[in-house]
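Thanks for making the time this morning. I would like to walk through one structure with you, beginning with its aromatic residues, then turning to the metal sites, the pockets and a few points of backbone geometry.

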Amino acid sequence: MLTRRQFLKMSALAGASLYLPWRWSVPPPFAADTLVPSTLTKFIDPLPIPGVMPQLTPNYYELTMSEFKQQLHSQLPKTRVWGYNGTYPARTIEARAGVPITVKWTNDLPAKHFLPVDTTLMGATSNASRAVAHLHGGHVLPEDDGNPNDWFLPGNFKVFHYPNSQRATTLWYHDHALGITRLNVYAGLAGFYLIRDAQEDSLNLPRGAFEIPLVIQDRIFDKNGQLFYPDSGQSAPPPVPPIWVPEFFGDTMLVNGKVWPYLEVEPRKYRFRFLNGCNARFLNLKLPSGPSFYLIGNDGGFLPTPVTLTEILLAPAERADMILDFSNYAGKVLVLGNDAPAPFPDGGDIVPYEIMQFRVTRPLSSEDTSAMPTKLPAIPDLPRESMVRDMTLEEFTDANDNPTVLLLEGKHFNDPVTTKPRLNTSEIWRLINLTGDTHPIHLHLVQFQVLDRQPFDVNFYNATKKIKFSGPPVRPAPNELGRKDTVRANPGEITRIKSYFDIPGRYVWHCHILEHEDNDMMRPYQVVT
Ligand code: C2O
Ligand code: CU
Ligand code: CU
């Protein structure tokens, strides 16, 4: 019996893109229960565009989490999903920098979860529908953050304030309940949150019908067209959790809650806000024989300068704000694809290449007077750092090399807080990845700067706890400049980020592979005065 790592290595060498995940032979044991994705015709449903979330009174919203059925593909029966105010994904909150809003979040979910809860994971003591919404990338007070410990049960609500005290950018909100975040987001609890400002207004970007948010997610359906989330199929006693799987990879791609949709566009410029909303899948997006990606923004707002790319890598939770100019593509049908190995970067699991279609089939409805800006708003420098912290990323395995738990700083989520940045100071964190996978590391509260990545000797580190670099530092990619809230920490590399902490209180940082986050790859940190 091969270990998972040996298996991944072999299948990556063989170029295979089959199911070969953790302890599953081909095909996976659940294959008999799941829908063969090729039974669904691709590109027969139009892309849904989430509308704008209405305000109840000026700058006040009420968002209710509930269970409902939604048509995810026209050849599927309606699928049970969870959403905010009755849609999956939720409608988009349109906010303005400097204009605070208030949201009353109500949990109206059924008492019990419909996906397999692993009650051996931290905090997941029952299969109750615990929930708490988090504004990903938001600059908010700790009590409004949607801390994973602040979950509440059906029949309850919480009121959170969002100051919108940050640059124009693409944020998103999603569930964050301790130990079941992967299941709650998988069920559908996610939506966009856009912050706009005067600098953005001055850029004359494509807007209105020509500005579209795109959240890409992978799913597996069962034979009845319902969401399928695998369990490990084993009943070993702890420390191996009985249900948890180390990463979820789906065989079916959805955009804005529709399976393999198409979008009819005019031969003109469009602005797309891409969000990788997958639990664990990295996306290397490409649009062969289409326009190149003209990137203007990422997680934290506008880039220092626009970047033209033909493909872009997005880890779970990363965003890309880009302009696509279809004006020379009238009549063309273009397929957005993804070829990122899963797990990333070594591969071995299924990679459904196609995501959606762009059809440049609409006539030009009006002259396109929007711009591809060549200059973007300046970004203020972060103050000089007061200290450097070394933060390890570790994976633990059982005797068969199957992952059992993942840790940051060598500590569990519930261990005492050890990371206490001083209020109004900057810190550099060195993310020391001792695992074989890339982890998208996310900090709450801050938009940080990615400084560099440098290869190091992992074996030497494991033996001595000392860093021996094995190559020069590498600057971040041009589309990782500016500000970020999620960064790819690659295996065998130390990734350096610099953050400025300007609100006191308790926050968290974690891996945004949701299966990792739920199995302890998350730590509190406390900004102290
Ligand atoms: Cu997008 Cu702590 O999460
Ligand atoms: Cu977040
Ligand atoms: Cu991870």
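Let me start with a question: is Y193 buried or exposed? At a relative accessibility of 1%, Y193 counts as buried, since the cut-off for that class is under 20%. Please keep in mind throughout that what we are looking at is a predicted model.

Y193 is a useful place to begin, as its ring is paired with that of Y162, the centres lying 6.0 Å apart and the planes standing at 70 degrees, so the pair is edge-to-face. Y162 belongs to strand β7, residues 157–162, while Y193 belongs to strand β9, residues 190–196, so this pair ties together parts of the chain that are 31 residues apart in sequence. Y162 is buried as well, with a relative accessible area of 2%. A second pair to look at is F272 with F326, where the ring centres are 6.4 Å apart and the planes meet at 80 degrees, so this one, too, is edge-to-face. Here the link is between distant parts of the chain, with F272 in strand β15, residues 269–276, and F326 in the loop between β20 and β21, 54 residues apart. Both F272 and F326 are buried, and both are members of one aromatic cluster, which also takes in F210, Y270, F274 and F358. Across the whole structure, a search finds 22 aromatic pairs.

Staying with rings for a moment, there are also lysines placed over aromatic faces. The charged end of K42 sits over the ring of W260, at 4.7 Å from its centre, and K104 lies over the face of F157, at 4.4 Å from the ring centre.

Let me move on to the copper ions. Which protein atoms are the donors of the copper ion that is ligand 3? They are ND1 of H439, SG of C511 and ND1 of H516, lying 2.0 to 2.1 Å from the ion, and along the chain these donors follow the spacing H-x71-C-x4-H. H439 is in strand β26, residues 439–443, and H516 is in helix α5, residues 514–518, so the two tie together parts that are 77 residues apart in sequence. H439 counts as buried, at 0% relative accessibility, and H516 likewise counts as buried at 0%.

For the copper ion that is ligand 2, the protein donors are NE2 of H134 and NE2 of H442, lying 1.9 Å from the ion. H134 comes from strand β6, residues 133–136, and H442 from strand β26, so this pair ties together parts that are 308 residues apart in sequence. H134 and H442 are both buried.

Now to the pockets. The largest pocket holds about 380 Å³ of space, and its lining is made up of 17 residues, with Q166, L382, Q447, R483 and D502 lying nearest its centre. Sorted by class, that lining has seven nonpolar, six polar and four charged residues. The second largest pocket has a volume of about 260 Å³, and of the 19 residues that line it, those closest to its centre are E94, L194, R196, G208 and E211. The elements that contribute two or more residues to this lining are β4, β9, α3 and β10, and the largest share, three residues, comes from β4. Its lining by class has seven nonpolar, four polar and eight charged residues.

I will finish with the backbone. Most residues other than glycine have a negative phi, and most peptide bonds are trans. Against that background, where do we find cis peptide bonds? One runs from A342 to P343, with omega near -10 degrees, and another joins F344 and P345, with omega about 0 degrees. P343 lies in the loop between β21 and β22, and P345 is found in the loop between β21 and β22.

As for phi, N59 is not a glycine and yet has a positive value of about 60 degrees; this residue sits in the loop between β1 and β2 and counts as partly exposed, at 30% relative accessibility. N204, again not a glycine, has a positive phi of about 55 degrees; its place is in the loop between α3 and β10, and N204 is partly exposed, with a relative accessible area of 36%.

Notes: Residues are numbered from 1 along each chain as its sequence is written. Chains are lettered from A and ligands numbered from 1 in the order in which they are written. This is a predicted model: local features need pLDDT of at least 70, side-chain atom pairs count only at pLDDT 80 or more; totals for chains, interfaces and linings use all residues. Side-chain values use heavy atoms; hydrogens and water are left out. Rings of Phe, Tyr and Trp (its six-membered ring) pair if their centres lie within 6.5 Å; planes under 30 degrees apart count as stacked, over 60 as edge-to-face and the rest as tilted. Helices (H or I, at least four residues) and strands (E, at least two) are DSSP runs, numbered from the N terminus. Buried means under 20% relative accessible area, exposed over 50%, partly exposed in between (1.4 Å probe, protein chains only). A charge sits over a ring if NZ of Lys or CZ of Arg is within 6 Å of the ring centre and within 35 degrees of the ring normal. Donors are N, O and S atoms within 2.8 Å of the metal (3.2 Å for Na, K and Ca); water is not among the atoms, so sites may look incomplete. On a 1 Å grid over the protein atoms alone, a cavity is a set of points where a 1.4 Å probe fits but cannot get out, and a pocket is an open set with protein on both sides within 12 Å along at least five of seven lines; lining residues have an atom within 4 Å of a point. Grid points are joined across faces, edges and corners, and a volume is the space filled by probe spheres set on the points. Ala, Val, Leu, Ile, Met, Phe, Trp, Tyr, Cys and Pro count as nonpolar, Asp, Glu, Lys and Arg as charged, and the others, Gly among them, as polar.
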